[in-house]
Amino acid sequence: MEQFDAYYTILNEELVTATGCTEPIALAFVSAMARKVLEKDPTKIIAYCSANVVKNVKSVTIPNTNNNRGIMTAVNAGWIAGDADKELEVISIVSDEQKQRIEEISKTSLVEVVCLKDEPNLSIRIQMFSDEDEVNVTLYHTHTNITKVEKNKEILYEKSCDLDNFNASLTDRSVLNLKGIQEFATNCKLERISDLLEKQIEINMAIANEGIKNGYGACVGKTILENIPGNYSSCIAMTAAASDARMSGCQLPVMTNSGSGNQGITTSVPVIVYAQEHNIDHEKLLRALVLANLCTIHFKTGIGRLSAYCGVVCAAVASFAGIAYINDESLCVIEDLITNGLATASGMICDGAKESCASKISTALFSAMLGYEMARSKRVFKDECGIVQDCVEHTIKVVGTLGHEGMRQTDNMILDIMTKNKIAD
């Protein structure tokens, strides 16, 4: 089926391994590419970043940098230690000497940061100078989508990019719908995507276990596990623990979804933990992960990579859709839990990547859990209850509009507060 072929392609596009939060890693990737083209160490760098990139890099710990943060650290890590060929694993291997150099140079004025206005939410340009040479590398819309490379005004690489369409570089997402996703999850040839899914299980559970074992961030996952009993508590605790570790600079990789490691974790870890605790057949787990991953992608398509809308809301709802699939729930129950979940937690703000993301993940998952239990009891929010529409697909569509269009001013205010400590009257 042509639709199924598109679904395979979409999963391969969106399930990508990354070491570290994807925005600083995208900066490091572009910086590493610029250094590769420059062919010598820079004497000056200007990092042009969209506001959402600034927001998401400001407070998160960057792996392999001696627990440092910020745009200067990300840029310097890229050109000093980065391997551009590894894309989102660009700084997965960094020597102690390189870590020290990154830290020292990040205290200098080598890197100037410029916040871009009126650019796509995910925009990065690195301008790198050395002696008489100048290199410019530009990235738009997705975390590895380099659109232009110039050296000394000569264009070495360029591809077309529709700045108004943040999905332009991706496979057409209009083929996604819940009925099609359920059919694909049930009937797809797992051998075509099993490597992706097995890696998602392996690495996302590894960082979840690391987060439980050791004290990262505010230990949200450990707190839930120790203090909040319930049928799904371990699912939620393990997911939060993975984010605890990741946002605090853990060097373990994760399998992302829709450009986000936290979304990849939130989509998959609850499903995996639930399946393990209930001795679910491995094939059933893989098919549930197919459904959960495609649901997250479907929900995020209208929002885009970066927004003031916290994307883990979508991922949390998708993960419980995966749990519902494990439990052989009908499509109607899956649709109703999605309606309930999106109607409840949509609007939770994204104030950048940082330690409190783990708490946001747990909040979104508890809300999604409630939405699922309501749906199992044939309770669902109806049309005209707030943002709820006449069918679940229309609700998904308006959530996309809310996240991309409706929260733009919120995004501006969040960045203003984060960078200027402005307090509203």
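1. In this predicted model, Lys397 and Gly406 of helix H15 (residues 392-406) are exposed, and they lie on the other side of the helix from its buried residues. Those buried residues are Val392, Thr395, Ile396, Val399, Gly400, Gly403 and His404. Seen down the axis of H15, the buried residues fall within an arc of 160°, so they line one face of the helix. As background, an α-helix has 3.6 residues a turn, so residues three or four places apart point the same way.

2. The cover over the buried residues of H15 includes four helices, namely H6 (178-187), H11 (282-300), H13 (331-345) and H16 (408-420). The length of H15 also agrees with expectation, because its 15 residues should span 21 Å at 1.5 Å a residue, and its end C-alpha atoms are 19 Å apart.

3. For H16, the 13 residues should span 18 Å at 1.5 Å a residue, which agrees with end C-alpha atoms that are 18 Å apart. Within H16, Asp411, Ile414, Leu415, Asp416 and Met418 are buried, and the buried residues of this helix pack against H3 and strand E3 (111-116).

4. Helix H3 (residues 51-58) also has a contact with helix H2 (residues 22-38), where the two axes come within 8 Å and cross at roughly 110°. That crossing makes H2 roughly perpendicular to H3. On the H2 side the residues are Glu23, Pro24 and Leu27, which meet Val53, Asn56 and Val57 in H3; by class, this contact has 4 nonpolar, 1 polar and 1 charged residues.

Definitions and conventions. Residues numbered from 1 in each chain as written. Predicted model: local features only at pLDDT ≥ 70, side-chain atom pairs only at ≥ 80, totals over all residues. Heavy atoms only, no water. Axes fitted to C-alpha atoms, helices over the stretch in contact; angles between N-to-C directions. Helix = DSSP H or I, 4+ residues; strand = E, 2+ residues; numbered from the N terminus. Parallel < 35°, antiparallel > 145°, perpendicular 65-115°, else oblique. Contact = heavy atoms within 4.5 Å. Nonpolar A, V, L, I, M, F, W, Y, C, P; charged D, E, K, R; others polar. Expected span 1.5 Å × (residues − 1). Buried < 20%, exposed > 50% of the residue type's maximum accessible area, 1.4 Å probe, protein only. Arc of directions from axis to C-beta.
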